[in-house]
Amino acid sequence: MAKILVIDDDPSILTMLKKMLEREGYEVDTACNGSEGLDKIEDSPPDLLITDIVMPEKEGMELIFHLRRKKPELKIIAISGGGRFNYEGYLTSAKYLGADLTFQKPLIHKEFVQAVSDLINNK
Amino acid sequence: MKINFLGLNPETSESMTFNKLTLSFTGYLSNYEPEFLNDYFVKSLNPFRVSLILAMIFYGGFALLDAATVPELKEIFWFIRFAVIFPVMLSVFAFSYFKTFRKYMQLLITCIMLVTGIGIIVMIILGARISNYSYYAGLILIFIFGYTFAKARFLYASFAGWLIVIAYEISAIWISDTPWTILVNNNFFFISSNIIGMLIGYSLELSARRDFYMRKLLDMEQEKVKAINSTLEKRVIERTRQLTNTNLKLKKEMEVRIRLDRERSELETQLFQLKKIETIGTLAGGIAHDFNNILTPILGYTDMALEELPEESTLRFDIEQINNAALRGKDLVQQILTFSREVNVERKPVKLIQIVSEVVNLIKASLPHGIEIRKSFDSGIGIILADPVHIHQIIMNLCTNAIHAMKNSGGILDIKVDSVMIDQKTARKINNLKIGIYIRIRLSDTGHGMDRRTKERIFEPFFTRKEVGSGTGLGLSVVHGIVSNYNGAITVNSTPGKGTLFTVYLPYNITGPVNEIKSSDQLPRGVEHILFVDDELDITFMGIKMLENLGYKVTAKTNSSEAFEEFKRNPGKYSLLVTDQTMPKMLGSELAGKMKKINPALKVIIITGYVDKISDVARSKDNSYEIILKPIKMSEFSKTIRKVLDNK
């Protein structure tokens, strides 16, 4: 069973995504900021990381950059509701830094679930 | 302080310097001596002649005395008077009318004094034989004449005077043996009168010289005054000229200042509006972020709920409503983001006219009664680089607004699309657009129009005049956002009660995939060599690009004299001259005239931004020039070029 770690500073999104992905049969862990997420990745590395970009503790961007060097095999999906100053720039930058996929919030349910499944199954 | 007899200070150059004995001017005045002598001569000539006549009357008149006192000698005396003295005096009198007299006047006066004196001395000698010693008094008369009326100069008169004295002494002592007492008596009167005569002569000449000197000083002062006056006049004229110039400059400066002030305040207003819109945009971006985070769980949970709920569940409808509302929220956020320019523009080649036509057809389908749509599209406009959705949004939004404005009254919705060249001057007026070629979409309605306050705010998001529920108030701000994102501009003109005109400028990206543009371009093309002249570098670049895209070979110059030099080197190379009219060194029409003198076959197109400058062009002798008005319309430009070149 594939293991997914979701990082987002918004608890309601975190809870929703956990439920959504668990319904699809994944084992889901959550973290509410980048530092916590990094600790959890060290403890038990997941198959897929889904991370928000704009977060208070450790920026998603920084996290992606760090992980891409340290754990090249880890799959990453970046999600964002848009920055306060540069909306789509964040997602473009995240992709540039090594995110496998990027998604704009609000997520389109079916599309997102399909993409997660494809990524985990290496399609 | 020393003061000389003229009452002037001798220390200064104003004192009169002269030889105390001869009376001649010395020092700085010596140069004036000849002038004084000449002046003295001119003044003395007439008095001299008068004195000569007077002298003859006296000399002749004394013949009566001869008859009375020495009757026995009267014949000899009369002979001396009338046969010797008179001819001498008369011949001098006659000579005085000759030019050379000027040179000998003083000498001749001396001679006359001596001759008349000797005449009298002879009479004295002869009289002494008959014991008559009274004729010496005649000599006194001669002194009086000589020193005064005759105008002899002091030195000459004194010389003659003393010679006469000596001659008398010789004759009285040795020839006539005059008794001692009579000799002393006569000498007393006679020498005294000579000395008095000398003093009078001295003072007369001195005063003549003083008079001359004073006149000279006066002349000199007058010259000085004249010189000062003329300098003053010159300075006044110069100053007046300077003042007039300064005044003109000031006036010009004031005009420029007023114009700049007006432009500045216009720009400030524009800038303020832009800043305001930008600030609201940033704010909107932030709101969008939070809003998306809120929408994410709503959509996520409703989607999951809908999947889990059985088809027949009564909850299904309710949750679907929540899901739909959240989706509308998502769209709204997208619009806000478009406005705040946070959406990446994906540009691809699109046929602008086609999209505009599509939108117009779409609108026609639901057009309220009483509204007519008119359209005029420049067929020359081909493909531009843009996102079709954006063009769609622009036209749709503007049309919807226009129709809304005419909803009750009906009217005409007019849509015009063409391309224009924006130069620096025009660019400044349109939100500081970059100069270049632009697609211009003009959309006007004959609706209710709007006042200035409304006009200033219409591009702000959430600003709406429609009643609640009929619009989000995002429409025009979204259009503004899109247009700005394309580095274009949107302007609005409106008159309350008459209607509104929106003008959208979108860059005609010629730097884009040129092949695609060319392929669909219906603009007339050519291969001729064109000389393009404009003093603005940017316009010149644009001209090259434009003409090259139409297939022409182009040589461009930013300086009229350089262009003329180039033309002189290769007069046969160019088929057409395209020149700006208003250039610093030479007007476009002048340049064209000079070139046509070299090659009369040259075709000319003149570009001018000012309607009033057309008369300048028309006034030039050759009125075969084509004139194109700025802003340049691509289609008009290309057609005119073809027309001019094909007109053999």
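**Close-up views of a predicted complex**

**View 1. Residues 1–11 of chain B, a segment of low confidence in this predicted model.** Over residues 1–11 of chain B the pLDDT (the predictor's confidence in each residue, from 0 to 100) stays under 50, and the model has 16 contacts beyond four places in sequence for this segment, where two residues are in contact if their C-beta atoms, placed from the backbone, lie within 7 Å. Residues are numbered from 1 along each chain as its sequence is written, while chains are lettered from A and ligands numbered from 1 in the order in which they are written. As this is a predicted model, local features need pLDDT of at least 70 and side-chain atom pairs count only at pLDDT 80 or more, whereas totals for chains, interfaces and linings use all residues.

**View 2. Residues 510–520 of chain B, with helix H14(B).** Here too pLDDT stays under 50, with 15 contacts beyond four places in sequence. Helix H14 (residues 514–520) has the lowest mean pLDDT among the elements of chain B, 39, and helix H3 (residues 74–95) the highest, 92; helices (H or I, at least four residues) and strands (E, at least two) are DSSP runs, numbered from the N terminus. The mean pLDDT of chain B is 83.

**View 3. Tyr135(B) in the loop between helices H4 and H5 of chain B.** This loop joins H4 (101–129) to H5 (136–149). Tyr135(B) is buried because 23 other C-beta atoms lie within 10 Å, the classes being buried at 20 or more such atoms, exposed at 12 or fewer, and partly exposed in between, with C-beta atoms placed from the backbone. Leaving aside neighbours within four places in sequence, Tyr135(B) is in contact with Ile120(B), Met123(B), Ile124(B) and Gly127(B).

**View 4. Strand S3 (residues 383–386) of chain B, covered on both faces.** Ile383(B) and Leu385(B) on one side, and Ile384(B) and Ala386(B) on the other, are all buried. Strand S1 (residues 348–351) pairs with S3(B) in the antiparallel sense over four bridges, pairing requiring at least two bridges found by DSSP; Ala386(B) is the bridge partner of Lys348(B).

**View 5. The largest nonpolar core, of 74 residues.** Such a core is a set of buried Ala, Val, Leu, Ile, Met, Phe, Trp, Tyr and Cys residues joined through C-beta atoms within 7 Å. Ile439(B), Val483(B) and Leu506(B) have the most contacts inside this core, and helix H10 (residues 388–405) of chain B contributes the largest share, seven residues. Beyond four places in sequence, the residues that Leu506(B) touches include Ile384(B) and Ala386(B).
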